[in-house]
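Grab your favourite viewer and work through a few short exercises with me. Try each task yourself before you read the solution.

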Amino acid sequence: MLTLNGTFFGITDKFERFADICLTDRIFAEFTPEGRLPISFFITDALLSTPPIGCEVYLLRDGVAIYARDFPPADFTLRPIAQQQFDDTLVSVFQQGDMQVSIQSPAGFFTDALPSVFFNCKLSAHAGLYFIEGERHLAVYTAMGKCVLLEEVLSFSVTDGELHALLPLSDCLGRIADCTWSLHENDCVRTALTLRQNHTQAGDTDIDKIADELLPYAFFQSVLFGGNYTDYLSNELAGKASQIVDFLGNFRAVCITEDPYVCGLIREKKARLFEVVYFTVKIENKKIADIVG
């Protein structure tokens with residue numbers, strides 16, 4: 001529930017809600033969730049440089065988006081979730097306020113926060129690493145409590161020191177990422193990635209069947225996830241692929257706009273503060289002929 005200056009504004013969720021607010025008016029906003037403590041702050045120009053505690057702020061070309069996500073817990077009762085001894089290492093998942101994992105190994109005692117999706121989970125060990133399998137999510141930790149992988153997964157398997165997993169992508173193409181990681185005692189290194197449609201075999205994505213309106217989004221997603229993005233480019237641009245990637249810069253997500261040929265690339269400015277940079281794509285003969293920032 002969202003209130004502005006004490007007046008009920010509506011129920012918020014992962015779908016955007018919009019309001020015309022002047023930053024100089026110092027509107028007091030409060031997000032009140034079910035079962036957690038609220039997040040509250042004044043909407044001022046300080047948002048442009050310092051996100052409120054518990055919120056992520058996204059600087060758009062026509063406004064500011066505020067995502068309230070880390071609500072303080074209201075209940076600090078200790079609730080064990082899962083525990084297993086692996087030789088000389090004890091792995092425990094529990095909830096005390098937030099969901100947490102503890103790893104007690106010869107290297108020491110370590111704790112880390114976990115998403116709530118691990119409320120029901122299974123524990124296992126592979127290649128000296130510790131796997132926590134939750135609801136469509138997988139976390140992998142070292143014996144020193146370092147998280148080397150945290151992904152939403154459709155399925156996964158471990159064979160011969162390699163992790164194979166199918167990752168759902170949050171895009172409008174219904175695609176998944178078919179990934180392989182090499183497992184090491186202190187790391188988990190991705191060695192292969194193929195983007196494909198849900199219904200196709202690995203490596204069988206047919207770009208010619210993707211509508212022109214979806215090509216820009218598919219291209220930027222392929223750059224982000226390390227797919228074969230040159231397949232989306234015209235012959236002229238394909239020869240400049242590395243320069244194009246440098247031109248796009250580092251980004252962590254892609255968002256669509258009302259114009260299918262304009263996509264926003266989300267760049268991290270600092271912790272919990274992001275900037276959305278927009279690029280316009282020109283399509284000719286099912287290929288990207290130009291990209292303008």
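Below are six exercises on this predicted model, each followed by a worked solution.

**Exercise 1. Get the overall picture.**
Work out how many helices and strands the protein chain has, and what box its C-alpha atoms fill.

Solution. Start with the secondary structure: the protein chain has 3 helices and 22 strands. Next, lay the C-alpha atoms along the principal axes, and they fill a box of roughly 60 × 60 × 30 Å. Then look at burial: of the 293 residues in the protein chain, 39% are buried. Now take the contacts between residues at least 6 apart in sequence: 38% of them join residues at least 24 apart.

**Exercise 2. Surface and charge.**
Find how much area the protein chain exposes, and how far apart the mean positions of its positive and negative charges are.

Solution. Step one is the surface: about 16,400 Å² is exposed, with carbon and sulfur atoms supplying 49% of it. Step two is the charge count, which gives 23 positive and 39 negative charges. Step three is to take the mean position of each set; these two points are 2 Å apart.

**Exercise 3. Chase the rings.**
Count the aromatic pairs, then classify the one formed by Phe 220 and Phe 279.

Solution. The structure holds 9 aromatic pairs. For Phe 220 and Phe 279, the ring centres are 6.3 Å apart and the planes make an angle of 45°. Planes under 30 degrees apart would count as stacked and over 60 as edge-to-face, so this pair is tilted. Now place the partners: Phe 220 belongs to helix α1 (residues 215-225) and Phe 279 to strand β21 (residues 273-284), so the pair ties together parts that are 59 residues apart in sequence. Both Phe 220 and Phe 279 are buried. Zoom out a little and you'll see ring pairs linking Phe 219, Phe 220, Tyr 229, Phe 247 and Phe 279 into a cluster.

While you're looking at rings, which ones have an arginine over them? Arg 26 lies over the face of Phe 42, at 4.7 Å from the ring centre. Arg 61 puts its charged end over the ring of Tyr 278, 4.3 Å from the centre.

**Exercise 4. Helix α1: enclosed or open?**
Decide how α1 sits with respect to the rest of the structure, using the burial of its residues.

Solution. List the buried residues of α1 to begin with: Leu 215, Pro 216, Tyr 217, Ala 218, Phe 219, Phe 220, Gln 221, Ser 222 and Val 223. That covers 9 of the 11 residues of α1, so the helix is largely enclosed by the rest of the structure. Finally, step past its end: just after α1, Gly 226 takes a positive phi of about 80°.

**Exercise 5. Positive phi without glycine.**
Say where Asn 5 and Ala 127 are placed, given that each has a positive phi although it is not a glycine.

Solution. Take Asn 5: its phi is about 50°, and its place is the loop between β1 (2-4) and β2. Move on to Ala 127, where phi is about 55°. Ala 127 is in the loop between β11 (122-126) and β12 (129-134). With 44% relative accessibility, Ala 127 counts as partly exposed.

**Exercise 6. Compare three neighbourhoods.**
Work out where Phe 8, Ala 74 and Ala 82 sit, and which residues each one touches, leaving out residues up to four places away in sequence.

Solution. Phe 8 lies in strand β2 (residues 7-10). Its relative accessible area is 51%, and the cut-off for exposed is over 50%, so Phe 8 counts as exposed. Phe 8 touches Met 1, Leu 2 and Thr 3.

Ala 74 takes us to the loop between β6 (64-68) and β7 (79-86). Its contacts are Gly 35, Arg 36 and Leu 37. The C-alpha atoms of Ala 74 and Pro 38 are separated by 9.5 Å, with these positions 36 residues apart along the chain.

Ala 82 is found in strand β7 and, at 16% relative accessibility, counts as buried. Ala 82 touches Val 91, Ser 92, Val 93, Cys 121 and Leu 123. To finish, check its C-alpha distance to Phe 28, 54 residues apart along the chain: 41 Å.

Notes
Residues are numbered from 1 along each chain as its sequence is written. This is a predicted model: local features need pLDDT of at least 70, side-chain atom pairs count only at pLDDT 80 or more; totals for chains, interfaces and linings use all residues. Side-chain values use heavy atoms; hydrogens and water are left out. Helices (H or I, at least four residues) and strands (E, at least two) are DSSP runs, numbered from the N terminus. Buried means under 20% relative accessible area, exposed over 50%, partly exposed in between (1.4 Å probe, protein chains only). Contact means heavy atoms within 4.5 Å. Accessible areas come from the Shrake-Rupley method with a 1.4 Å probe; for residues, only the protein chains shown count as cover. Lys and Arg count as positive and Asp and Glu as negative; His and the chain ends are not counted. The place of a charge is taken as NZ of Lys, CZ of Arg, CG of Asp or CD of Glu. Rings of Phe, Tyr and Trp (its six-membered ring) pair if their centres lie within 6.5 Å; planes under 30 degrees apart count as stacked, over 60 as edge-to-face and the rest as tilted. A charge sits over a ring if NZ of Lys or CZ of Arg is within 6 Å of the ring centre and within 35 degrees of the ring normal.
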